[in-house]
Each structure stands twice: as structure tokens, then as C-alpha cells.
Amino acid sequence: MYLSPDCFLCAFGAAMGLHLIHSVSLLLLSFLCCCWSEAPRNGSTPNIIIMLMDDMGWGDLGVFGQPSKETPNLDRMAAEGMVFPNFYTANPLCSPSRASLLTGRLPVRNGFYTTNAHARNAYTPQEIVGGISDEEILLPQMLKKMGYVNKIVGKWHLGHRPHHLPLEHGFDQWFGAPNCHFGPYNSSVRPNIPVYNNSQMVGRYYEEFGINKKSGQSNLTQIYLQEGLEFLRAQASAQSPFFLYWAADATHAPVYASKRFLGKSQRGRYGDAVMELDDSVGVILEELKRLGIAKETFVFFTSDNGAAVMSGPNQSGSNGPFLCGKETTFEGGMREPAIAWWPGRIPAGKVSHQLGSVMDLFTTSLALAGLAAPDDRFIDGLDLTPVLLNNSLINRPIFYYRGNEMMAVRVGQYKAHYWTWSNSWEEFNQGINFCPGQEVADVTTHEQKEHTMQPIIFHLGRDPGEKYPISVLSAEYQAVLRQISPVVKQHRSGLVPGVPQLNMCDLAVMNWAPAGCERLGQCHKAPKSQPWKCDWPH
């Protein structure tokens with residue numbers, strides 16, 4: 001299904017008003033004037049594709065108001081599917097967010113947090129000792145019960161030691177890397193990150209898999225695209241249900257794009273990366289149609305956390321009207337772009353105002369596969385199939401966690417902050433700013449401030465940028481507090497934290513000698529083990 005250029009421009013223009021949520025509706029209605037929708041069918045267990053971007057912001061897509069015209073394929077996907085303008089990550093940082101997606105549980109439950117300090121973001125650099133716990137049940141492990149073939153392409157980020165890798169946690173195939181693409185490094189001090197094909201490394205970033213930090217050129221997105229396409233073709237031929245977790249990372253600093261896309265966007269290198277990812281999404285959706293399995297495949301597109309606005313304009317994206325970005329529990333750090341697509345099953349051109357979470361993808365995927373969620377643990381994710389198929393609404397809160405602390409909660413249109421913190425004065429004075437140009441007095445604080453006795457409350461419909469707290473003296477404030485307080489009390493009383501996995505670091509556990517390094521002559525000698533408590537500054 002294609003849109004004419006005139007139709008797209010007309011629809012895109014409709015989206016550029018001041019009221020963004022209303023604009024999303026206008027955009028999709030405009031699209032539908034030019035589009036047809038496929039007839040629904042009653043099918044068997046669907047294939048599942050989750051496309052998880054890295055540090056891509058809510059405001060990076062045209063359908064959410066981005067004027068740079070970088071995402072025609074994602075905008076078309078939105079017109080053919082359902083948009084979620086109120087969709088959230090479970091943590092404003094990569095590793096905990098990904099752990100929550102695959103387990104359906106908050107990081108504080110699945111262990112992807114630290115107790116080394118209060119309310120600190122923690123993740124899995126290559127010196128981390130921990131990773132995803134064997135006690136956790138991941139989505140691909142469950143899908144295997146229904147005969148699914150599971151593949152991850154791209155970034156894993158749930159631990160790089162052998163027992164933490166994807167093939168030990170339900171995935172049948174993997175092409176990608178266990179860590180971020182930071183580097184290049186001097187291998188005598190710190191090894192470059194390995195790239196795996198299934199259980200064996202096939203090279204390292206900045207070596208066999210080049211990333212030119214000066215020019216921003218890398219073919220990694222094209223490699224990840226081809227890996228995804230080959231998997232789709234193989235499974236279509238085998239006629240077996242599949243789960244593809246496509247986790248490309250080009251929009252994470254250092255941002256990269258292939259030669260064909262460099263210099264093509266209006267937003268520098270970051271925009272180039274967005275254009276290439278958008279093109280890849282379009283290719284994948286078209287391939288599903290070509291293979292004749294589009295009506296049998298549920299596809300969901302989102303991001304792991306908000307845009308990393310502290311990285312600067314060429315290395316980060318847009319969080320739209322929202323406050324701050326990655327690492328913070330303000331809206332810019334937690335609210336994500338989200339699109340669901342399933343021709344013939346999900347009605348085209350819909351905007352759902354459901355409060356959604358990446359954790360819902362766990363429970364929803366299980367429901368689509370005909371499976372119940374595990375009943376021996378608390379699952380935070382909801383089954384969104386009534387929302388997807390019938391455009392229903394489910395009443396639920398959204399909890400905003402940073403490390404071991406619940407910082408805020410959203411109920412309906414209201415958000416109450418129980419703690420505020422952007423980043424420390426020390427970092428801020430060094431030029432590291434998580435909220436550049438967006439300082440809000442007594443809100444974007446550079447010291448951890450507790451507001452438990454008198455939460456700071458915003459109405460996100462009227463004030464999406466969290467700039468104007470509701471007066472504590474108002475009747476509205478008192479009414480909202482009476483509504484939210486029991487929700488918070490119930491959540492806290494029933495919370496049983498998991499064993500923290502992100503407390504200990506050790507240089508000896510880095511990627512010195514991954515499986516397959518002998519064949520490539522890339523094994524390096526590890527230093528003596530000297531573990532220490534990881535320092536998480538923010």
C-alpha cells in the first residue's frame with residue numbers, strides 16, 4: 001500500500017499544528033483519505049516482530065510532528081496501523097528497558113538495577129559482572145512452547161558473559177553485539193566489542209565491522225537489515241511461526257549511517273541514521289507483503305528510552321514537547337514513539353490513547369501466541385490485544401523508576417513526582433546537561449529532592465512539558481492526590497525487589513576472549529580479577 005507524494009505532503013502538513021496529539025489524529029485521517037485497508041482474516045498463531053530502536057525520541061517521527069521528512073515509511077506504517085502517543089519505557093536507560101521488554105517486569109523486579117547508590121541508572125558496560133538472571137523467564141523462552149523460531153538482530157545489552165547471552169535465554173539465532181558500540185579501544189587496555197553470529201564471534205566493532213567516528217559511516221544497519229530479511233525468507237519457506245527482535249542501534253552515540261544516507265537529512269548525522277532506519281523498516285514491511293505473510297505478522301515499533309539530548313544535536317534526536325531526555329524520569333526520558341501494524345487485524349489509521357509500556361509487549365505477544373503469562377511471579381505488562389483489535393482502553397498506572405526508586409507515577413492525564421533529579425551539579429558544571437535549554441525551577445533539580453509528603457503534580461494534557469505544577473492549594477490538586485495516593489501505596493506494599501544484578505564490576509570479565517576468537521586470532525589476555533562496586537554517577 002503506497003501513498004502518493006501529494007497525499008503524504010497534505011497529511012504531513014496537517015500534523016504541524018500546535019496540539020500534537022490532535023495533530024496525530026489529523027495526520028492519520030488525512031492518510032486514510034488516500035489509502036485502502038485490507039480485509040481482516042481469521043488466522044492462526046501470528047508471527048511477531050518487535051523493532052526496538054536505540055535512543056530514538058518521541059519527536060523523531062513525522063507522525064509525531066517532526067518536520068524533517070525523514071520517516072515516510074514509519075509514517076505509512078502508522079497510517080496502516082495504530083499509533084500510541086502515550087507509550088512508555090520501563091526505565092530511561094537501555095539495558096533495564098530491554099530487560100523489561102523481554103520479561104514483562106519492572107527492572108526493580110527483574111534485577112536490572114543497582115543498590116550501590118540511591119536512584120542511579122545502571123546498565124551493562126563490558127566490565128559489568130552481572131546480566132539477566134537465570135531465574136527470569138524471557139519472551140522467546142515462552143514462545144518456544146508454541147513452536148516459534150526466535151532470532152535477535154542487533155544489540156542485546158543484557159550481559160556479555162557466556163551464560164547471559166541470547167542463545168542461553170530462548171533465542172535460536174543471533175547476529176549482533178552484546179554491548180554498545182563504544183570504541184575504538186586499545187586491546188591491551190580494553191577490548192573492542194565483539195559481533196556474534198549465533199554463539200561465535202565473527203569480528204569486532206571498529207575492526208572487521210567498521211564505524212568511522214569522524215565521518216559517521218558504517219554499514220551496520222544494512223548488515224542488520226539483511227540478517228532480518230534472510231530470517232524472514234527462511235521462516236516463510238519453512239512455514240513456521242517466528243519471533244524477530246530487530247534491535248538496530250544506529251541512533252545511539254556514536255551515531256552512524258551508511259554512505260548512501262550520509263548527508264541526506266536536514267538534521268545532520270542523526271537525521272541520516274533515522275532515514276536509514278526508516279528505510280529499513282519500509283523494506284522489512286514490503287518483504288512481509290512480498291512473501292505473503294503480512295496478514296500473519298504482528299509488528300511493533302518503539303524505542304528503548306528517550307533521545308539522549310545531552311549528546312548534542314548531531315548525536316541525538318528530538319523528544320518533541322517533552323521535558324529533558326534519556327537518563328531522566330521526565331516525559332522526554334520515558335515516553336516513546338510506538339506503532340502497531342498487522343494488516344487485516346489491527347484497524348488502519350487508529351490513534352490509541354491507551355497508556356502503554358514496553359513491558360506490555362511481553363504479555364501481549366504471549367496472548368497473541370495463545371499463551372498465558374507465567375503465574376509464579378508478578379508480571380507488570382498488560383495484554384493489549386483488546387486495545388489493538390478493538391481499540392478498547394484499559395485503566396492502569398505508569399510507574400517511572402530510576403534505579404531502585406519510584407520517582408513518579410502517571411494516572412490518567414496526571415503525573416505526580418515523588419522524587420526529582422536530572423543529574424548532579426558536578427556533572428552539570430562539567431557541561432553534561434540532561435535537560436539542555438529546559439531548566440524548570442524546583443523540577444529539573446541537580447540534587448535528589450524528595451516530594452513524598454507533597455508530590456509535584458502536572459496535568460500532561462494541558463502541560464506536556466511539565467513546566468507548570470498544579471497549585472497544592474487548589475481543589476484539583478487535592479482531588480488528584482486522593483486518586484493517586486492509594487495507587488502508589490498498593491504498588492509499594494506489594495513490591496518485592498529482585499536481586500540486583502548491576503552492582504559489581506571487574507576488568508577481568510570484559511570481552512577479552514569470546515567464543516570464536518581463536519579462529520580469528522583475536523583472543524586477548526585478561527587481567528587479574530579485582531572486582532569492585534560499580535560507580536553509577538547518575
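Let me begin with a single pairing: Phe300 stands opposite Ala340 of strand β11, and that pairing belongs to a set of 3 bridges through which β9 and β11 (residues 339–341) run antiparallel to one another. Two strands are said to pair here if DSSP finds at least two bridges between them, and the elements themselves are DSSP runs, numbered from the N terminus, with helices being H or I of at least four residues and strands being E of at least two.

Before going further, I should say that this is a predicted model, in which local features need pLDDT of at least 70 and side-chain atom pairs count only at pLDDT 80 or more, while totals for chains, interfaces and linings use all residues. Residues are numbered from 1 along each chain as its sequence is written, and side-chain values use heavy atoms, with hydrogens and water left out.

Let me stay with β9. On its other pairing, strand β1 (residues 47–53) runs parallel to β9 and is joined to it by 7 bridges, with Val299 of β9 as the bridge partner of Ile49. How much of β9 is buried? Taking buried as under 20% relative accessible area, exposed as over 50% and partly exposed as in between, with a 1.4 Å probe and protein chains only, 7 of the 7 residues of β9 (residues 297–303) are buried, so the strand is largely enclosed by the rest of the structure. In a regular strand the side chains alternate between the two faces of the sheet. In β9, Thr297, Val299, Phe301 and Ser303 point one way, whereas Phe298, Phe300 and Thr302 point the other way.

Next come the annotated positions. For "binding site", UniProt, in an unreviewed entry, lists Asp54, Asp55, Cys94, Asp304 and Asn305; these are spread over 252 residues of sequence, and yet they cluster in space, the largest C-alpha distance being 7.9 Å. I would add the caution that UniProt positions are given in the numbering used here, that feature names are shortened, and that annotations may be inferred rather than shown by experiment.

Asp304 is found in the loop between β9 and α9 (331–334), and it counts as buried at 0% relative accessibility. Using contact to mean heavy atoms within 4.5 Å, and leaving aside neighbours within four places in sequence, Asp304 is in contact with residues including Asp54, Asp55, Cys94 and Glu336. Asp55, for its part, sits in the loop between β1 and α3 (72–80) and is buried at 2% relative accessibility; not counting residues up to four places away in sequence, Asp55 touches, among others, His252, Tyr270, Asp304, Asn305 and Lys326.

The same unreviewed UniProt entry type carries an "active site" annotation, which covers Cys94 and His157. They span 64 residues in sequence, yet no two of their C-alpha atoms are more than 7.6 Å apart, so they gather at one spot. Cys94 lies in helix α4 (residues 94–103) and is buried at 2% relative accessibility, and beyond its neighbours within four places in sequence it is in contact with Tyr123, Lys155, His157, Asp304 and Asn305. His157 has its place in the loop between β4 (149–155) and β5 (173–177), counts as buried at 0% relative accessibility, and has contacts that include Cys94, Arg98, Tyr123 and Cys180.

Turning to helix packing, how do α3 and α8 lie relative to each other? With axes taken as lines fitted to C-alpha atoms, for helices over the stretch in contact, and angles running from 0 to 180 degrees between N-to-C directions, the axes of α3 and α8 (residues 268–290) come within 7 Å and cross at roughly 50°. Angles under 35 degrees count as roughly parallel, over 145 as roughly antiparallel, 65 to 115 as roughly perpendicular and the rest as oblique, and α3 and α8 are therefore oblique to each other. The contact involves, among others, Leu74 and Met77 of α3 and Val281 and Leu285 of α8.

Finally, there is strand β16 (residues 414–417), where Tyr414 and Ala416 point one way and Lys415 and His417 the other, all of them buried. Strand β15 (residues 405–411) runs antiparallel to β16 and is joined to it by 4 bridges, Ala408 having His417 as its bridge partner. The two strands form a hairpin with 2 residues between them, and Gly412 in the turn has a positive phi of about 65°. β16 also pairs with strand β19 (residues 456–459), in the antiparallel sense over 4 bridges, and there the bridge partner of Lys415 is Phe458.
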